[in-house]
Amino acid sequence: MSAISINLISGRTIQQGVAMEGGKEKDKYRKACGIIEMDNEDFKKLGVMKNTNVEVTSAYGSVVVKAIEATQGPHPGVAFIPMGPWANTVVSDETYSTGMPTFKGTPVTIEPAPDKQVLPTIKLMRYNCWGEEQ
Amino acid sequence: MADEYIIRNGHVYDPKQGIKGDVMDICIADGKIVSKVSGKAKEIDATGKTVMAGAVEIHAHVAGPKVNEGRNYRPEDKLFTCKATGKTRMEGGFSIPTTFRTGYNYARMGYTTVMEAAMPPLYARHVHEEIKDTPIVDQGAYPVFGNNWFVFEYLKNNEETNVNAYISWLLRVTKGYALKLVNPGGSEAWGWGKNCDGVHDPVPYFDITPAEIMTGLMKANEQLGLPHSIHVHTNNLGNPGNFETTLDTFRLTEGVKPNNKFGREQVFHHTHVQFHSYGGDNWGNFESKAKEIMSYVNQNKNITIDLGCVTLDETTTMTADGPFEHHLTELNHLKWANLDVELETSSGIVPYVYSPDIKVCAIQWAIGLELGLLAKDPMRTYITTDHPNAGPFTRYPRVFGWLMDAKYRNERLSTFKHSEKVNDATSLGSLDREITLYELAQMTRAGPAKALGLTNMCGGLAPGMDADVSVYNINADRLDGASIEKAFSSADQVFKSGVLVVDNNEIVAEPAKRTFWVDVKVPENKQVERDVAMKFLKYYSMNLGNYEVSDHFAPHPYVIEVDAS
Amino acid sequence: MTKTISDVICPFCGTLCDDLVVTVSDDGTKLLDVENACAIGAEKFLHSQASDRVTRPRMLQEDGSAVEVSYDEAIEYTAQLLAKAKKPLMYGWSSTSCEAQSVGSEIAEQVGAIIDNTAAVCHGTTLVAVQNVGIPSCTLGEVKNRADRIIFWGCNPAHAHPRHMSRYSIFPRGYFTGKGHKNRKLIVVDPRTTDTSSLADIHLQVEQGADYELLQALRAAVRGQELTGDIIAGVPKAKVYESAELLKSGRFGVIFFGMGVTQSLGKDHNIDAAIMLTKDLNEYTKFSIIAMRGHYNVTGSGQVLGWQFGFPYSVDLSRGFARYNPGETGSIELLKRKEADAIMVLGSDPGAHFPIRCVREIANLPSVCIDPHITPTSEICKLHVPVAFVGVEVGGNCYRMDNVPIDSRKVVEPPEGMMTDEEFLRAVNTRITEIKAA
């Protein structure tokens, strides 16, 4: 098991949309958005099984999500976290004076974190904002 | 109860009653002009000043999808034009001002009725939302009919009663005021990147010509007896040599007689004629054909026109003539916005700089003024800039100055970079006519009100009419260009329906403004109902049940009812 | 007994479907069924019926718990917060009606706020690009009736705008398109293979972040210029030529584009290039370009701000007149600079959709979140004001992604005693006027 570097993008999925409209505080939303979609090749490099929790770290933050096989792939070298608080913990807030953060194309490292949990929405928010205990 | 007012001792110009600068009092009570008021009436001293009815704008692009696209895509138009006032809503913009500034600026100039010149029916709701947010001035909007698939099919099949029923329906569901035609047939052709260059050039796939569209809608308009005539921007706008197309268009009116109960005498209004009066066959030999155009207009009483005067500013052109705007962006390479609307129209926007250093721009400037000065009947010739196409409406006072003061005009003419060439291409330098204050009142008040079928309501000062009144600090003794411009830019007092809205050149009140629309009753027509339902099902992207503009978009409607059943 | 309401507008995405059929209980208090909506839209309608819905304002306490307060208290708190702030940020506006947005503008003028909508993190760069180079466009009905060439660039409608392809762009038969999808050629540009690209005639799997290069290469290829290098932005050169020919050979084409271009490196310049490609193609055939707007009324917010202030988003009113410079007055940069001293959020969820640094700043400001539901934003704001659900429990005007306005409908009563956002804003505005006059 070792860390890998990868290019992270975020975006919509229909599961994210449905879960979002059903209530972001609910577990369905965590299951839809607290994930990272990765390519088989990248799973091999990382050396973990599918559906393992991983810690994603960028220059902007760090978050635990569950690594799953890409549902819309292949896309080696690109990882995908559906738009939402998990993705936004690590995406680049750099706007290059346009006002628009760089939600797509943040360099991140991914490390296995089988013992850490994917936080529920509200806990994640409070932890991120106020450092409240996990 | 509204306040009573008496405006004392002004020089009154009212073509409606034939009053030519007589010193008299104007009385206002209950929102109307009255012959006398009680002793409680507030007095306004207009000694040495000019008193006219509130002016009537017959053609300007002030509300709706393309106007707002213009605002949103030109942040540069706001540069140095936004200022904090604290009393009124925030204002901004020059050629495409915000709705608040639009209402305030018209009111400051003494305009009290403003017609939006082109409303795509699918976007009618947007137009009405903006009208609602444009303070003070009464407004109506002209839905575009000249590229509408229903109209094409009914006209092609000579189904007159169906055309009439469809017009009645569309005016009602869009809360529209009059029939607007923009590049008839050509804007539909633009759906395929094509155009109709002349009035007999057939529309691709629809087997109909612009001439047939104009003639058909003109007939329908008179059969229905609508307040306004058809309001036309014909084919071939802006091209050298297009005056022939314009004359071909005018000839379609020969023998057609007006039919209405509103005192309207024309069957055809042609808008921004300046853009349609060009000779030559390229930009090198581009020249004025204002004489040819006005000679036809002067002889045919069933036509009215507005000028479309170039003001020599940086502005934003916008029209439902989609192919023209594409043509323009190819010429000036400035940013191009286009919007084609399913089954109804196209439209486009391009910024434009009318530079006094460019020969063609200066000739365009001259043509607009020539048309006005060659007009024999000011009651049929109205001053516009086709705002914002030839220049912003806030430049009207400058246009008045050029029309009313030959010296002022000639100073401008003689200081162009290419003055000699402009003189060769136009006759402006040889015209010494100066429009009088009375004629100005005809061209900005009584005339447009009559053409719109509102002659008993606005544009005049006869007792019983709406008390829309403007007081300007000027009189016939000092009509130099600079003074004209100053006085008409900022009225001393303006009344809208009897409410003092401008006092000492400042906005002081924002009473509820009205939305004019026309409700025509026609016999029930099942065929048209079926056709509408079918086309919505198959071709529109919106359900029929969501198309009609509901009443809350026009919270203060003024519905003109016409019985054609 | 039940009632059926047709022609219902879906308040989810910018596709603004207006053909939903909703069944409600006879007394109009319960929403029972939704037909014709996509999975997301249906969920949105049904969520209004959730048994655990919050129906009264809640104030966050020191210990992290929330205490219910009255609407009157919420109005007072919101009015005081905005009136006292030097530079409040009023953010959101994309999931509400134009009527409510309009009241928001009045408040923003009164208090000298920065008023911004979700374009800030969505199609803001598109709006900037349109300011740079214009936009040749058309309504979605034109696409349905005429289009035979479709490009989806950096967007995935199968997931984000689920009914777009069936209603407007790929499958419908229109006036000149009687054969439906058979006569339409589809190009999808996406760094991933997606459920949309699986439908494509050509999938250009662009290297992530290299859209600008590919767009400019396509422009060159359309003009018949020679391209150098075998692989361009991750795409074989031959495929670029093939795509250019396909586009030119159509009679009417449309580019739809989404976050893949607006949020990737290059930002507004990507869209400049996409728009210029569209303009270039008009030399050969007819071409339009349409932004795949996200929230159902983000377009409307841009329109309202446009006619009232002249700018479509990120409008700074703090100096008494409207200023606009998204890289400075936009919500993201404003929060990063810690320049706002209070925030009001309505009709959006920046807690879920802003980068964490900005979310953290919101959490540390005096804050109000006005939203029908519990959201990440509501949970980090000092006050959460639940309101009736626009498009479900109260009507109001909305603008589709092609700027077509559609008046949304009320189909069911809100829970008893709940205010609409427009009512709440009006009350706040009135109170602010009083505070300012005092």
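Begin in chain B of this predicted model by selecting strands E9, E10, E11, E14 and E18, which lie in that order in an open sheet of five strands with parallel pairing. The edges of this sheet are strand E9 (180–182) and strand E18 (381–382) of chain B, each of which pairs on one side only. To look at one of these edges in detail, select strand E14 (residues 303–306) of chain B together with E18(B), and you will find the two joined in the parallel sense over two bridges. Within that pairing, Asp306(B) has Tyr382(B) as its bridge partner in E18(B). As general background, strands of a sheet pair through backbone hydrogen bonds, and they may do so in either the parallel or the antiparallel sense.

Staying in chain B, select His61(B) next, which sits in the loop between strand E6 (55–60) and H1 of chain B. Is His61(B) buried or exposed? His61(B) counts as buried because its relative accessibility is 3%, and the cut-off for that word is under 20%. Show its side chain with that of Lys66(B), and you will see a polar contact of 3.3 Å between them; a polar contact of 3.3 Å also joins the side chains of His61(B) and Asp386(B). If you then display the residues that His61(B) touches, leaving aside those up to four places away in sequence, they include Glu116(B), Lys180(B), Met318(B), His387(B) and Asn389(B).

Now bring chain C into view beside chain B, and ask which pair of chains has the most contacts among the two pairs that touch. The answer is chains B and C, where 57 residues of chain B are in contact with 63 residues of chain C. Between them, chain B and chain C bury about 5100 Å², with 51% of it on carbon and sulfur atoms. On the chain B side, select Met90(B), Trp192(B) and Trp336(B), which supply 15% of the area that chain B buries against chain C, more than any other three residues.

For the polar side of this interface, color the charged side chains and look for the three salt bridges that the rule finds between chain B and chain C. One pair to select is Arg146(C) with Glu188(B), whose side chains meet in a salt bridge at 2.9 Å, N to O. The number of residue pairs in polar contact between the two chains, both at pLDDT 80 or more, is 41. Several elements of chain B each supply at least two residues to the side that touches chain C, among them helix H1 (65–73), helix H10 (322–332), strand E16 (336–340) and helix H17 (526–538). Sorted by class, that side of chain B has 24 nonpolar, 17 polar and 16 charged residues.

Strand E16(B) deserves a selection of its own, since E16(B) and strand E8 (residues 134–138) of chain C pair in the parallel sense over five bridges. Follow this pairing to Leu339(B), and its bridge partner in E8(C) is Ser137(C).

Move next to chain A, whose contact with chain C involves 52 residues of chain A and 59 residues of chain C. The area buried between chain A and chain C is about 4500 Å², of which carbon and sulfur atoms give 59%. In chain A, the residues to highlight are Glu21(A), Gln72(A) and Met100(A), which lose the most area to chain C and together account for 16% of what that side buries.

Between chain A and chain C the count is five salt bridges, and you can also select Lys24(A) with Asp349(C), whose side chains meet in a salt bridge at 2.7 Å, N to O. By class, the side of chain A that touches chain C has 20 nonpolar, 21 polar and eleven charged residues. With chains A and B alone on display, note that the two do not touch, and that their nearest C-alpha atoms are 15 Å apart.

Finish in chain C with strand E21 (residues 396–399) and E22(C), which run antiparallel and are joined by four bridges. In this pairing Gly396(C) stands opposite Ser408(C) in E22(C). The two strands form a hairpin with five residues between them, and Asn403(C) in the turn has a positive phi of about 70°. Rotate the view around strand E22 (residues 405–408) of chain C to see that both faces are covered, with Pro405(C) and Asp407(C) buried on one side and Ile406(C) and Ser408(C) buried on the other.

Conventions. Residues numbered from 1 in each chain as written. Chains lettered and ligands numbered in written order. Heavy atoms only, no water. Contact = heavy atoms within 4.5 Å. Buried area = accessible area lost by both parts, 1.4 Å probe. Salt bridge = Lys/Arg side-chain N within 4 Å of Asp/Glu carboxyl O. Polar contact = N/O pair within 3.5 Å; in protein donor to acceptor, adjacent residues only side chain to side chain. Nonpolar A, V, L, I, M, F, W, Y, C, P; charged D, E, K, R; others polar. Pairing = 2+ DSSP bridges. Buried < 20%, exposed > 50% of the residue type's maximum accessible area, 1.4 Å probe, protein only.
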